[in-house]
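Visitor: Could you take me through a close look at one single part of this model, staying with it from its own geometry out to what surrounds it?

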Amino acid sequence: MATLAPASPIVPGSVLLAAHNVRKVYGHDRTPVLENVTVELRDGEFIALLGPSGSGKSTLLRILAGLMDASAGDVLVHGEPRRGLNPDIAIVFQSFALFPWLTVLQNVELGLLATGASDDERRRRALKAIDLIGLDGYEEAFPKELSGGMKQRVGFARALVVEPEVLFMDEPFSALDVLTGENLRGELQDLWSEHTIPTRAVLMVTHNIDEAVSLADRILVFGANPGHVRVELSGLPLAERRKKGPARAQLVDTIYHIMTNPTEDAIAFAEQRVARVPSRATGAAAPVERAPRRYQTLPDVGIDDLTGFVQYLSGTGGRGNLHELSRDLQMRADDLLALVEATDLLGLADMQERQVFLTPIGQRFAEVELDEEKAIFRTVAIEHISLLRHIVRELEDAPTHTIEAEGVLDDLEHSFSGAEARRQFETVVDWGRYAELFTYDDAAGELRLDEEHRMDLRTKAQDA
Amino acid sequence: MPAPRWVDALMLVALAAVGYGVMRAAAEWRAPLTPGMRIDLSPTNLPYYAGLSTLRMAIAYIISLVFSLVYARVAASSRIAERVMLPLLDILQSIPILSFMPGVVLGLAAMFPGRTVGLELAAVILIFTSQAWNLAFSFHQSLITIPRELGEAASVYRLGLWRRFTKLELPYGAIALIANSMMSWAGGWFFLMASEQFTLGDKNLRLPGLGSYLAAAADAGDTRALGLGLGTLVAVIVLLDQLLWRPLVAWSDRFKFEQTGSADAPQSVTLDMLQRSAAVHWVQVRLLRPVFSFIDRRMSPMGGTAAGAPPTQPRERARGALVVFALAGVALAAVLAWGAWSALSTVASLTAGDWGYVLRCAGATFLRTSVALLLAAAWTVPVGVAIGMNARLARKLQPVVQIAASVPATAVFPVLLFALLALPGGLNMAAVALMLLGTQWYVLFNVIAGAMAIPSDLREAAMVYHVSGWRRWKTLILPAIFPYLVTGMITATGGAWNASIVSEYVTFAGRKVSTLGLGALIAQAADSGRFPLLLAGTLVMSAIVIAGNRLVWRRLYVLAESRFRLE
């Protein structure tokens, strides 16, 4: 196998790249995407940023890469503050970001264009990277002729050919099927651990717990709204990362637990369970002071998945283990966690350790016919979801029992960033429609109280 | 497999012919200007005239293309630029171009006294204004839809402005640019006749070309020459389609942004032959590649010291560019303000009676355009749906429709006048007919595309549940083609208003004929040099077109996109 230029000896502990107290607010959004985030990337280190969607991991990656500026805080490259593009990095993208009109070779050479290397030199280095990453024979192919895994290999070759000091990876395996992803992951791990590539540090963004545990020296678990580092965990020793042993299971468990309990004190929990990176002045983030939220964060879960999940749990004896559920339902961990959170929020299920249990009402919900199912959902939703309650009250009070969606969205934007507010709104509309609490006319942008409910109100008014 | 030798030989002959043509044309441009230049109606002159017209179109097109690329790139580079430049483009696109021709011709004629060059420039400018706007819109649209990660990859690998443009932006926009280039040429042909003859006061100026040939033939009542001229025009259009556009479309398929290969890529025999030709290969490897490589190196200042370049430099450069832009913006604003002020003071001289007349004219033209659009929709919807929903019919009819559509309506106009002018209200009918001829194709093409896009499972569902007759139209076909219909109608409306200027006031067989209408008012005012009225008419027409777009069409479009888009 070919090797690229050998790396100079690693100086453990020296910080290559750091973000200090970074905050990011988009445009006119009132709620930041990232708040007070401090991350250090040290020589020889592979770190993974892990967290639910909307926790600003990818934004942080882009700020560290210099693709966007932080709204506040500093990015330090070798200790020097810096703005603008970071020259010694490369990025592997989730969507591969290959130029479809260039061949594999041309795509890989692209990374070298700006270095001013001669045509021959460029070709030689590109071919070497192609060889290294196992793309021999595909040099003249166009990306559309390649499978997903092969495309991402081109993405890796293009990144490695520039011999970056720091390699960024933004969900590099999430667009691939499981086996392909695992295979590529293994190869990357070999290249990295055997120092075949001159890259000194890797920063990977992922939502996949397994991926983070099997690759990273250090794992930063992010929380959402606004994005912040909840806890830093030490990764496993190299020997234990890939094989399925108790240490690995324990770490995966811990992360599962932390991610399913977004409001819990993650640092305290992690300290009981596994090695946590000791807090130092610039290390783990200080807990963020946040104003109390008016509404809970609704997980991004559609009603079909929600009801289907409860049915499934009922079929497996009213309980399930997260790990097994993720496997049996072939779901990504974060999607499953969102489902669990939703059922938990509605009081349909409970979560203990890594077990999900249906509550009695959840059990009943799973057994009854559609009409009653909806009635149950209506009751629990009104009882538990503050936003839904609020909307129904507004609808009851409005003279025409109609309110503008715009108003609800504005209200939500006090608590959530723009995109997240939109998501919250869509979820609440989905749930509210199913519960037959109100209807929503997208073209007019109006929420209308449900017909029956409206008539009930009228009869009540007449009685009074 | 190498191409037969004769392809190479043919290419050499073509090259020689084009070279000779350009030299002849250059001689023509230096010639002294003679009012009322005679056009020789003998058929042997037709190829020469056709060549001159095509050359004019080509020059205007190249200018349009360069303008569009630069304009769209600058507009996409900052939010402020975008906020000013896009509405400006929208307004430019809605202004009746022909109104400004007298002024432009006058100015250019004064700049080159006694020479044809001024007039040639005026012709090129007129054609440019009919070609540029949609190109700029299309490229801007491409630029802002480049996938985010692709743009980030370009930044991370420091492609720089030039390489980013040539490796990412231009390829990404290529397919849309080529499709719009074809539309631009069609738009250019529409002004073929208007661009080759100008009336300035009592002077009648003509440029040699196919358009003035057609006009002269109509003036002389020579039906044979008229027919021959039209035939030549169609031949030129078909040749260009086969030799230029089709190969380009087939070639540009490589720029399709797709993750997987598709089966039915466009094909072109010409392209296949060119790609196998030894001469083309030689030019490509020996000439084009080194030249591009040289330009590439010269245009990329980063070469050699990418990693070592001080990090602040690009920012400072950007700031410098910003200052230049700001200054240019201020200058432009000053010129605009002065222009607006002068325009206002000119228009202020009009009496209330004049304004009443302008509004009456506007009403008449509004009625005419509405009738034309309704007629267009009335026949294109059933026909388009019939063609679009029947694959066999579509294959057979599409080329015929394309050729019919490619004949510029203005060129057929003299024939129409022949037939209709003797009848009562003849010009009225002829005007509506011209608007219809010029605009119906946009609607038809869009309806066909819409009908073809109806998913077959929806059609099968309609069949299974016995939805037929009018109910089938109401629940399936009309909603499905609605977004396409709106798109077609938007283009058609602008075209119809523009056509009013050439159709409501005509010089035919030595006679001036006119009817009540905004187009007639503009053409008449230009003819007689009544600038206040010309300006008022132009402003009113622009206002109507823009208001129509904003108040009616854009809303319908949004509705169409949100409610009826099949995904």
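Guide: In this predicted model, helix α9 of chain B carries a kink of about 40 degrees, and the kink is centred on B:D241. The helix that bends there runs over residues 223-251, 29 residues in total, and it reaches 41 Å from its first C-alpha to its last, which is close to the 42 Å expected at 1.5 Å a residue.

Turning to its surroundings, the buried residues of α9(B) are B:A225, B:L226, B:G229, B:L233, B:V236, B:I237, B:P247 and B:L248. An α-helix has 3.6 residues a turn, so residues three or four places apart point the same way. The elements that cover the buried residues of α9(B) include, from chain B, α2 (46-77), α7 (160-190) and α8 (210-220), as well as α10 (269-276), α14 (391-406) and α15 (409-420).

The domain assignment of chain B places residues 59-256 in domain 1 and residues 269-299 in domain 2, with domain 3 (315-348) and domain 4 (349-567) making up the rest of that assignment. Between the centres of domain 1 and domain 2 of chain B, taken over C-alpha atoms, there are 25 Å, and eight residues of domain 1 of chain B are in contact with five residues of domain 2 of chain B. On the side of domain 1 of chain B that touches domain 2 of chain B, α7 and α9 of chain B each supply at least two residues, and α9(B) gives the largest share, six residues. By character, the residues on that side of domain 1 of chain B comprise five nonpolar, one polar and two charged.

Key. Residues numbered from 1 in each chain as written. Chains lettered and ligands numbered in written order. Predicted model: local features only at pLDDT ≥ 70, side-chain atom pairs only at ≥ 80, totals over all residues. Helix = DSSP H or I, 4+ residues; strand = E, 2+ residues; numbered from the N terminus. Expected span 1.5 Å × (residues − 1). Bend = angle between axes of the 7 residues up to and from the residue. Buried ≥ 20, exposed ≤ 12 C-beta atoms within 10 Å, placed from the backbone. Contact = placed C-beta atoms within 7 Å. Domains from an automatic or database assignment. Nonpolar A, V, L, I, M, F, W, Y, C, P; charged D, E, K, R; others polar.
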